[in-house]
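Work through the exercises below with the sequence and the model at hand. Try each task before reading its solution.

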Amino acid sequence: MTGVRIPYNALVVVADGTKALFLRNKGDGAHLDLAVDDVMTQDNPPTREQGADQPGRSGNSVGSHRSAMEQTDFKTLGEEKFAVEIAEKLYKGANKNVYDQLVLVAGPNLLGVLRRELHQEVTRRIVGEVPKTLTGHDVGDIEKVLRVH
């Protein structure tokens with residue numbers, strides 16, 4: 001997002017696989033003043049806490065060859081489901097004209113999933129993307145990071 005300023009009243013979504021902050025820029029493009037509009041959360045513990053202890057095994061009907069199956073990555077599935085929920089919320093907001101301009105801030109993997117899930121009505125409003133995970137920071141720290149981009 002280098003060189004892109006976050007306009008007045010733009011919606012800034014700062015997300016990871018378990019939390020999404022919906023922030024509104026009350027400042028101008030040169031001086032950020034982010035205020036929290038909404039927060040979404042999802043309980044998504046690590047896969048080891050969600051799945052079975054051992055991955056399954058498959059046997060071959062010919063011979064004695066057996067192979068282990070990969071364990072389902074429930075954490076990644078949960079993050080993808082959460083991205084779909086974020087995309088749905090953004091689509092509803094776009095249809096209600098809740099925002100005209102949007103900046104997405106998320107880790108590269110989540111950004112990729114979001115891009116895939118976003119409706120065209122939402123993507124046309126995107127004015128910038130920042131591939132960083134900032135949900136663990138307070139709003140003041142998020143403003144500092146976004147100022148340097």
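Some notes on the model come first, then five exercises with solutions.

This is a predicted model, in which local features need pLDDT of at least 70 and side-chain atom pairs count only at pLDDT 80 or more, while totals for chains, interfaces and linings use all residues. Residues are numbered from 1 along each chain as its sequence is written, and side-chain values use heavy atoms, with hydrogens and water left out.

**Exercise 1. The chain as a whole**

Task: State how many helices and strands the protein chain has, and give their pattern.

Solution. Start with the terms: helices (H or I, at least four residues) and strands (E, at least two) are DSSP runs, numbered from the N terminus. On this basis the protein chain has five helices and seven strands. Their order along the sequence is β-β-β-α-β-β-α-β-α-α-β-α. Next comes burial: a residue is buried under 20% relative accessible area, exposed over 50% and partly exposed in between, using a 1.4 Å probe and protein chains only. Of the 149 residues in the protein chain, 35% are buried.

**Exercise 2. Helix 5**

Task: Find which residues of helix 5 are buried and what they pack against.

Solution. Helix 5 covers residues 139–147. Its buried residues are I142, E143 and L146. Seen down the helix axis, they fall within an arc of 100 degrees (taken from the directions from the axis to the C-beta atoms), so they line one face of helix 5. They pack against strand 1 (11–15), strand 2 (19–25), strand 3 (34–41), strand 6 (102–106) and strand 7 (126–130).

Now take one residue of this face. E143 counts as buried because its relative accessibility is 11%. Leaving out residues up to four places away in sequence, E143 touches L32, D33 and L34, where contact means heavy atoms within 4.5 Å.

**Exercise 3. Helix 3**

Task: Sort residues of helix 3 into buried and exposed.

Solution. Helix 3 spans 108–117. L110, L111, V113 and L114 are its buried residues. Down the axis of helix 3 they lie within an arc of 165 degrees, so they line one face of the helix. P108, N109 and R116, on the other side of helix 3, are exposed.

**Exercise 4. Two residues of one loop**

Task: Compare the surroundings of P131 and T135.

Solution. P131 is in the loop between strand 7 and helix 5, and T135 is in the loop between strand 7 and helix 5 too. P131 is partly exposed because its relative accessible area is 48%. With residues up to four places away in sequence set aside, P131 touches A106, G107, P108 and L111. T135 is buried, since its relative accessible area is 6%. Outside its neighbours within four places in sequence, T135 is in contact with V14, A15, D16 and K19.

**Exercise 5. The largest pocket**

Task: Describe the lining of the largest pocket by residue and by class.

Solution. A pocket is found on a 1 Å grid over the protein atoms alone, as an open set of points where a 1.4 Å probe fits, with protein on both sides within 12 Å along at least five of seven lines; lining residues have an atom within 4 Å of a point. The lining consists of A15, D16, G17, T76, E79, E80, G107, N109, L110, V113 and T133. Helix 2 (74–95) and helix 3 each supply at least two of these residues. By class, three are nonpolar, five polar and three charged, where Ala, Val, Leu, Ile, Met, Phe, Trp, Tyr, Cys and Pro count as nonpolar, Asp, Glu, Lys and Arg as charged, and the others, Gly among them, as polar.
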